[in-house]
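Trainee: Could you walk me through this one slowly, since I am still learning how to read such pictures?

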Amino acid sequence: MFENNSEVSEAAGFTAHDSDFTSQGVRCAGTLYLPNNVERPPIVILGHGFAAVRAFRLAAFAARFAENGFAAYFFDYRCFGDSDGEPRHWVDPTRHQQDWRSALHHVTDMAEINPDKIILWGSSFSGGHVLQIASERPNIAAVIAQVPHVSGPATLKNFPLKNMLKTTVAAFKDVLGRLLFNKPHYSPVIGRPGDYAVMTTEECWDGWFGMVPSESTWENKVLSRVFLKLAFFSPIYKVRRINVPALIVVGTEDTVTPPKAAESAAMRIPNAELKLFDCGHFSVYNGELFERNISAQLAFLSANFL
């Protein structure tokens, strides 16, 4: 459960507001941070990565944007976090992008912000979503993709071969269970090396749970049907169409979303800035790397909008 604290946020120079929207008839929970004493500011829309929820460090990024004169709006996908939707923990690129388009429509209608200065911000799996949405040339002004998933085949190369058969079986159990018995089948999201899970490299367990608040009720599971779609989600093939400024943040030691694929995607975007950090996938969310990362993102935003 994500909770706003208006007193704390006001002291920091911004105010927090609940602001939900509807996607495909389902309520999605969102939070708006508005900087104080800034009339109709630019706004950054933030969405979380694979199987995560907005309580996993999105507020930290949003707060820094709001402290520096940008409104920030961050939300939970359907079937995650504080949003409605069943079955829970349903990761699907098509569904997530429907939620992104609905969030964009919702933010565009906000009287408090400048609808001509909307920035899409995505991390990991949602880094791929924002690049694909940006390639459709909606009314956005810029895009930030942090350690983004850009190529299904490249990402699957990091997947242990011994788990391939297990994921295939799990996916069909989920699909058939849904069709025949209305019973979903789940697989773990995070594991340690040697485990069966979506992410199992050395950095994953500690990196992931380093983002999870102590009071979180998040469950380590995802609908197994996602394994039938991962290989086919490759926004890299559409990024040449992006015609707005883009910042691509890459961890050169990333073992979840391959850095070379992300660098290649950045090279294909006409007006892209590539920022490399000597770190893994999860390091950019916390500590000293977070500070360097958010400073680079604020510099990009300031150069383009302030």
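Mentor: We will go through some strands, then a helix, and then a few unusual backbone spots.

Mentor: Please keep in mind that this is a predicted model, in which local features need pLDDT of at least 70 and side-chain atom pairs count only at pLDDT 80 or more, while totals for chains, interfaces and linings use all residues. Residues are numbered from 1 along each chain as its sequence is written, and side-chain values use heavy atoms, with hydrogens and water left out.

Trainee: Okay, how many residues of strand β7 are buried?

Mentor: In β7, which covers residues 118-123, 6 of the 6 residues are buried, so the strand is largely enclosed by the rest of the structure. Buried means under 20% relative accessible area, exposed means over 50%, and partly exposed lies in between, using a 1.4 Å probe and protein chains only. Helices (H or I, at least four residues) and strands (E, at least two) are DSSP runs, numbered from the N terminus.

Trainee: And which way do the residues of β7 point?

Mentor: I118, L120 and G122 point one way, whereas I119, W121 and S123 point the other way, and all of them are buried.

Trainee: Which strand does β5 join, and how do the two run?

Mentor: Strand β5 (residues 43-47) is joined to β7 by 5 bridges, and the two run parallel; two strands pair if DSSP finds at least two bridges between them. Within this pairing, L46 has W121 of β7 as its bridge partner. There are also 5 bridges between β7 and strand β8 (residues 142-146), again running parallel, and I119 stands opposite A142 in β8. The chain gets from β7 to β8 through helix α4 (residues 125-135), and this β-α-β crossover is right-handed, meaning that, with the strands pointing away from the viewer, the path from the first strand over the helix to the second runs clockwise.

Trainee: What about β4, how many of its residues are buried?

Mentor: Strand β4 is mostly covered, with 6 of its 6 residues buried. It is joined to strand β1 (residues 14-18) by 5 bridges, and these two run antiparallel, with L32 in β4 as the bridge partner of H17. Another 4 bridges join β4 to β6, also antiparallel, and there T31 stands opposite F74.

Trainee: Switching topic, is D174 buried or exposed?

Mentor: D174, which is found in helix α6, is buried, because its relative accessible area is 0%. Leaving aside residues up to four places away in sequence, D174 touches K183, P184, H185, L223, S224 and R225, where contact means heavy atoms within 4.5 Å.

Trainee: Where is F172, then?

Mentor: F172 is also placed in helix α6, residues 161-181, but F172 counts as partly exposed, because its relative accessibility is 45%.

Trainee: You promised unusual backbone spots; which peptide bond is cis?

Mentor: The peptide bond from E86 to P87 is cis, with omega near -10 degrees, and P87 is found in the loop between β6 (71-75) and α3 (93-108).

Trainee: Anything odd about the phi angles?

Mentor: S124 has a positive phi of about 60 degrees although it is not a glycine; its place is in the loop between β7 and α4, and S124 counts as buried, because its relative accessibility is 9%. R40, in the loop between β4 and β5, has a phi near 45 degrees, which is a positive value in a residue other than glycine.
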